[in-house]
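Q: I am new to this structure and would like to learn how to read it step by step. Could we begin once it is in view?

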Amino acid sequence: MEPVIALAASSARDESAAGSVRAEAISLLSAAGQRDQLPFLQSLLGYEIPFEVQSAAISAMGELGSKDDAQMLLKRWNQLGPAVRRSLVAACIVKSDWSAALLDAANADPSILNSLTDSDRQRLLASSVVAVRERAAEVFAAAHTSPVAEQLEALQVADSLKGDTAHGRELFTSQCSMCHKVENVGRQVGPDLTSLTDRSFQAMLTAIVDPNAALEDKYVSYLVTTKAGENLLGSIASETGTSLTLMLTDGNERTVLRKDLQGILSTGKSLMPEGLGTAIEPQGIADVIAFIQQARPPHSKFPGNEPQLVAADSSGRIELLATKAYIYGPEIRFSTRYRQLENWLSERDEVAWQVDVPNDGSYTVEVEASCESEVPDNTFQIIAANDRIIANTPPTKNENDFRVRPIGTIKLSAGRQEIVMRAAAPIKRRLLDLRGVYLSSTPKQ
Ligand code: HEC
């Protein structure tokens, strides 16, 4: 063995060295093409070993190993932590014989399939090797005709039912609040449902019926046993070279040192239970989704913005001014310069007006906005209880050039309600600056 390789091998083995140093040494071994190091690399996998070292060992095996090695690694899937799993998937995607092994394993084990992100799938579907592309198409298509797909189909009726938010709140409290928090009810074991990017009915329904689809690694549940004999169930919220931090199902965090671990075993599933889609009848689904959709984090406050109930003027015209809007989201701001909403950069940015509509009917909608012509076309939506409009952002000379422009008509029912405006698609650069939305009742023909 050349001296530099021997040195690399010995620092890769050195347990007292920092994880990053060992990882570096391992990549040296693989760069030197040392196939005889494979058994050694295998021995570097285990929950007691810093994850950087395990990840480096997996990439090195990807460089040096054969399809058998990929199969051996994939068999150990349930014992790998989230960061190491990511490295394994990455190593499989870059090498076609490993991709084939990954697809076979994904076909046999839903937890592997579910851990593949959209971009992993696209890369496999676009592989330069025909056999990999075809196998990927087959494996991903088979996953669509599952019982889950049938349940989703059956629950589509809930979309046309009117959600009762009071009943939704009760259901939420009994079925969901042990893991989600909305309006001060519940605990934060799962994601914050008031700040989801996609709050549409379809997105929520899919999340409820099929929690294991599009599962983020940090929410996969693990059974962790310690040398002291404890069994802990939770997700691995974060990991360092020497410890794991678990988010337990009771909402508490717990950090365990790697050296105190007896073993870790992934259940391969989300902490969120399956079967909620069958446990709750369609009306209940409509109610709980309506409850989550109307719940928001507290609105942002800016000088000059005074959210308030908006009423029609004597001619029946309703002016939804930026000054009277409730403003939500991470980026959007109110400015007193033109009394406009600006910095509308995020899909989570939205504004809502509380409106008292005098009469049922059809209303013409005009928007007073500016949008520099260099900003790409974006689409936004204005949403009422039973109708909505989608329109393109208006190009104007510059951001100070506000114009009033008609964008269509919307049906409103009489009474107090909320009207919401937000992006209708991912925002390219920024949406628009807005002074107001004006509704005038169109005479009946
Ligand atoms: C035992 C814990 C638990 C319970 C009970 C639970 N959830 Fe979840 N939920 C999670 C976890 C963890 C995630 C994130 C992982 C995932 O998407 O499966 C999640 C994800 C979601 C998402 C998707 C969030 C996103 O970021 O896309 C929605 C929507 C959701 N849950 C709604 C509900 C509703 C509605 C109920 C009750 C009917 C419920 N959950 C019950 C744990 C739970």
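A: Let us start with the ligand, keeping in mind that this is a predicted model. By class, the residues in the shell around the ligand comprise 18 nonpolar, five polar and no charged ones.

Q: Which residues of the shell are closest to the ligand?

A: The ligand is surrounded by 23 residues, and the closest of these are Cys176, Cys179, Gly190, Ser270 and Met272. If you look at elements instead, helix α13, residues 201–209, gives the most to this shell, with three residues.

Q: Where does the ligand lie with respect to the domains?

A: A way to answer this is to ask which domains supply the shell. Here both domain 2 (147–211 + 274–294) and domain 3 (217–270) give residues to it, so the ligand lies between them.

Q: Into which domains is the whole protein divided?

A: The division runs as follows: domain 1 covers 3–142, domain 2 covers 147–211 + 274–294, domain 3 covers 217–270 and domain 4 covers 310–441. To get a feeling for the spacing, note that the C-alpha centres of domain 3 and domain 4 lie 46 Å apart, while the C-alpha atoms of the protein fill a box of roughly 90 × 50 × 45 Å along the principal axes.

Q: How many helices and strands does the protein have, and what share of its residues is buried?

A: The protein has 15 helices and 17 strands, and of its 445 residues 36% count as buried. As for how the chain meets itself, among contacts between residues at least 6 apart in sequence, 68% join residues at least 24 apart.

Q: How do I read the two sides of a helix?

A: The general idea is that an α-helix has 3.6 residues a turn, so residues three or four places apart point the same way. Take α1 (3–13), in which Ala8, Ala9 and Ala12 are buried. These residues cover an arc of only 100° around the axis, which puts them on the same side of α1. The face turned away from that buried side carries the exposed residues Pro3, Ala6 and Ser10, and what covers the buried residues of α1 includes α2.

Q: Which residues of α12 are buried, and which are exposed?

A: In α12, which spans residues 165–175, the buried ones are Gly168, Arg169 and Phe172. They too lie on the same side of their helix, because the arc they cover around the axis is only 100°. Ala166 and Ser174, on the other side of α12, are exposed. Part of what covers the buried residues of α12 is α15 (282–294).

Q: What makes up the largest nonpolar core?

A: A core is best read by its members and by the elements they come from. This one has 41 residues, of which Ile26, Ala57, Leu88, Cys92, Ala101, Leu102 and Ala106 touch the most other members. The elements giving two or more residues to this core include α1, α2 (19–31), α4 (51–64) and α6 (82–94). A second, separate core has 34 residues, among them Tyr47, Leu193, Val220 and Leu244. Returning to Leu88, if residues up to four places away in sequence are not counted, Leu88 touches Ile58, Leu73 and Leu80.

Q: Is Trp98 buried or exposed?

A: The idea is to count surrounding C-beta atoms, and since Trp98 has 25 C-beta neighbours inside 10 Å, it counts as buried. Trp98 sits in helix α7, and, leaving aside neighbours within four places in sequence, Trp98 is in contact with Gly62, Lys67, Ala70, Ala91 and Cys92. The C-alpha atoms of Trp98 and Ser66 are separated by 7.7 Å, although these residues are 32 residues apart along the chain.

Q: Where is Ala131 found, and why does it count as partly exposed?

A: Ala131 is in helix α10, residues 130–142, and it counts as partly exposed because it has 13 C-beta neighbours inside 10 Å. Ala131 and Asp97 are 34 residues apart in sequence, and their C-alpha atoms are 9.9 Å apart in space.

Q: Which residue between β9 and β10 should I look at for its backbone angle phi?

A: Look at Arg339, in the loop between β9 (333–335) and β10 (340–342). Its phi is near 50°, a positive value in a residue other than glycine. Further along, Asn343 lies in the loop between β10 and β11 (350–357), and Asn343 has a positive phi of about 60° although it is not a glycine. Asn343 is partly exposed, with 16 other C-beta atoms within 10 Å.

Key:
Residues numbered from 1 in each chain as written. Predicted model: local features only at pLDDT ≥ 70, side-chain atom pairs only at ≥ 80, totals over all residues. Buried ≥ 20, exposed ≤ 12 C-beta atoms within 10 Å, placed from the backbone. Helix = DSSP H or I, 4+ residues; strand = E, 2+ residues; numbered from the N terminus. Arc of directions from axis to C-beta. Contact = placed C-beta atoms within 7 Å. Near = placed C-beta within 6 Å. Nonpolar A, V, L, I, M, F, W, Y, C, P; charged D, E, K, R; others polar. Domains from an automatic or database assignment. Core = buried A, V, L, I, M, F, W, Y, C linked by C-beta atoms within 7 Å.
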